[in-house]
Amino acid sequence: MKECANALIEYFKDELPKLQETYQWKIPNIEGFHMCGEKGYAPNVELKKYFNKQWLKATADERYELSKTVVADWGGVRNNHSETLKSYVVELDKKRPATPLKGVASYSKIYSISDIDKYAIYDARVAACLNAVQWNYNAKEGVAFNYISGRNKITGYGTKKIGFVHQEPFIVKNLVANGWTRVKRDLTYQVYLDLLQNCLKSLPRYSLYDLEMVLFANAEKECSKAMASQLNA
C-alpha cells in the first residue's frame, strides 16, 4: 500500500492545481439548483454541497427521492430498481453501512452526498484510473483495485470488452501475477476511502472530493497513457 499511496500523492500534487480545467462534467437539470447546465469543477462542488444540505434536512422519503436524482440524473446510472435505491438509503442509517463491490457505483454516489468528508464516489472511471496511475508511475508492488462495469471505450466498455480494463496487461489477475496485491472484492470501497484519507494527510489544503474528481477527470488520459506504453514497449 505504501508504494500505491506514494504514487497517488505525487500524482495528486501535480494534478490538483489543474482541476479547474480538467473536470468538465455538465450539470443536468436539478430542481432547486441554480447552476444547471453549467460544467466544470466549481459548479459540481456547489452541487455536491447543495445535495448534502438537502440530505441533512430531508425525511426518509425525501432522501429516497434525492437518491434517484443523485444516481440517475447527476450520475447517469438509470438501471437501479426503486427497492435497491431505498436499501442504500436505509443502509446509511446504520453505524457501519455495508460497502460491497456490488452496487458501489450507485451507492457511493448517495454515500458521498450524505457526508462529503467521509465518502467519495467509486465508479468505473475512478477504478480504472487508480490502476492506470500506478502503472504510469511504474509501481512494482502496486495495489490492484477491482474494476466495475463501464461504458467508456477508453477506460473500459463492459459489453464490448474494449478499453484499458480489458487489455491483458491491466487485467487484475495479470497485475497480481506481476507483483501487485489484489484488494478483496468487498473491501474495495473501504480500501479506496482509506487510501484517499491517507493521501489527504499530505495534501491538507484539499478535500476528499477533490481527489475523487481528479481520478474521474483524468481517467481517460491516464488509461490512454498506460495503453500507449504497451504499444511502445
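The legends below walk through several views of a predicted model of a single chain.

**Figure 1. The whole chain, with its 11 helices and 4 strands.** Let's start with the overall picture before moving in on single residues. The C-alpha trace spans about 55 × 35 × 35 Å along its principal axes. For 233 residues, a compact globule would have a radius of gyration near 17 Å, and the 17 Å of this chain agrees with that. Buried residues account for 51% of the 233. Among contacts between residues at least 6 apart in sequence, 63% join residues at least 24 apart. The accessible surface comes to about 11900 Å², and carbon and sulfur atoms supply 49% of that area. As for charge, you will find 33 positive and 26 negative side chains, with the centres of the two sets 4 Å apart.

**Figure 2. Helix α10 and the helices that cover it.** How many of the 10 residues of helix α10 (residues 208-217) are buried? The count is 9, so the helix is largely enclosed by the rest of the structure. If you would like to find these buried residues in the model, look for Leu 208, Tyr 209, Asp 210, Leu 211, Glu 212, Met 213, Val 214, Leu 215 and Phe 216. Charged side chains belong to this list too, namely those of Asp 210 and Glu 212. The cover over the buried residues of α10 includes α1 (2-15), α2 (19-22) and α3 (41-57), together with α7, α9 and α11 (219-231).

**Figure 3. A tyrosine pair between helices α6 and α9.** The structure holds 16 aromatic pairs, and this view picks out the one formed by Tyr 107 and Tyr 189. Their rings meet edge-to-face, with 5.6 Å from centre to centre and 90 degrees between the planes. Tyr 107 sits in helix α6 (residues 104-114) and Tyr 189 in helix α9 (residues 188-200), so the pair links distant parts of the chain, 82 residues apart. Both Tyr 107 and Tyr 189 are buried. Pull back a little and a cluster comes into view: ring pairs link Tyr 88, Tyr 107, Tyr 111, Tyr 119, Tyr 122, Tyr 189 and Tyr 192.

**Figure 4. Thr 99 beside the tyrosines.** Thr 99 belongs to the loop between α5 (82-91) and α6. Is this loop residue buried or exposed? Its relative accessibility is 16%, so Thr 99 counts as buried. Residues up to four places away in sequence aside, Thr 99 touches Tyr 107, Tyr 111, Asp 186, Tyr 189 and Gln 190. Tyr 107, Tyr 111 and Tyr 189 are also members of the ring cluster in the previous figure.

**Figure 5. Trp 55 and its contacts.** Trp 55 is part of helix α3 and is buried, with a relative accessible area of 3%. Leaving out neighbours within four places in sequence, its contacts are Arg 63, Leu 66, Val 89, Leu 92, Ile 110, Ile 113 and Ser 114. One of these, Leu 66, lies 11 residues from Trp 55 in sequence, and their C-alpha atoms are 7.4 Å apart.

**Figure 6. Ile 30, a buried loop residue.** You can find Ile 30 in the loop between α2 and α3. Its relative accessibility is 3%, which makes it buried. Apart from residues up to four places away in sequence, Ile 30 touches Cys 36, Leu 47, Tyr 50, Phe 51, Thr 69 and Asp 73. Ile 30 and Thr 69 are 39 residues apart along the chain, while 7.6 Å separates their C-alpha atoms.

**Figure 7. Two loop residues with positive phi, Asn 138 and Lys 161.** Neither of these residues is a glycine, yet phi is near 60 degrees for Asn 138 and near 55 degrees for Lys 161. Asn 138 lies in the loop between α7 (124-136) and β1 (143-144), and Lys 161 in the loop between β3 (156-157) and α8 (172-177). Asn 138 is exposed, with a relative accessible area of 54%. Lys 161 counts as exposed as well, at 58% relative accessibility.

Conventions. Residues are numbered from 1 along each chain as its sequence is written. This is a predicted model: local features need pLDDT of at least 70, side-chain atom pairs count only at pLDDT 80 or more; totals for chains, interfaces and linings use all residues. Side-chain values use heavy atoms; hydrogens and water are left out. Helices (H or I, at least four residues) and strands (E, at least two) are DSSP runs, numbered from the N terminus. The radius of gyration is taken over C-alpha atoms; the globule rule is 2.2 Å times the number of residues to the power 0.38. Buried means under 20% relative accessible area, exposed over 50%, partly exposed in between (1.4 Å probe, protein chains only). Contact means heavy atoms within 4.5 Å. Accessible areas come from the Shrake-Rupley method with a 1.4 Å probe; for residues, only the protein chains shown count as cover. Lys and Arg count as positive and Asp and Glu as negative; His and the chain ends are not counted. The place of a charge is taken as NZ of Lys, CZ of Arg, CG of Asp or CD of Glu. Rings of Phe, Tyr and Trp (its six-membered ring) pair if their centres lie within 6.5 Å; planes under 30 degrees apart count as stacked, over 60 as edge-to-face and the rest as tilted.
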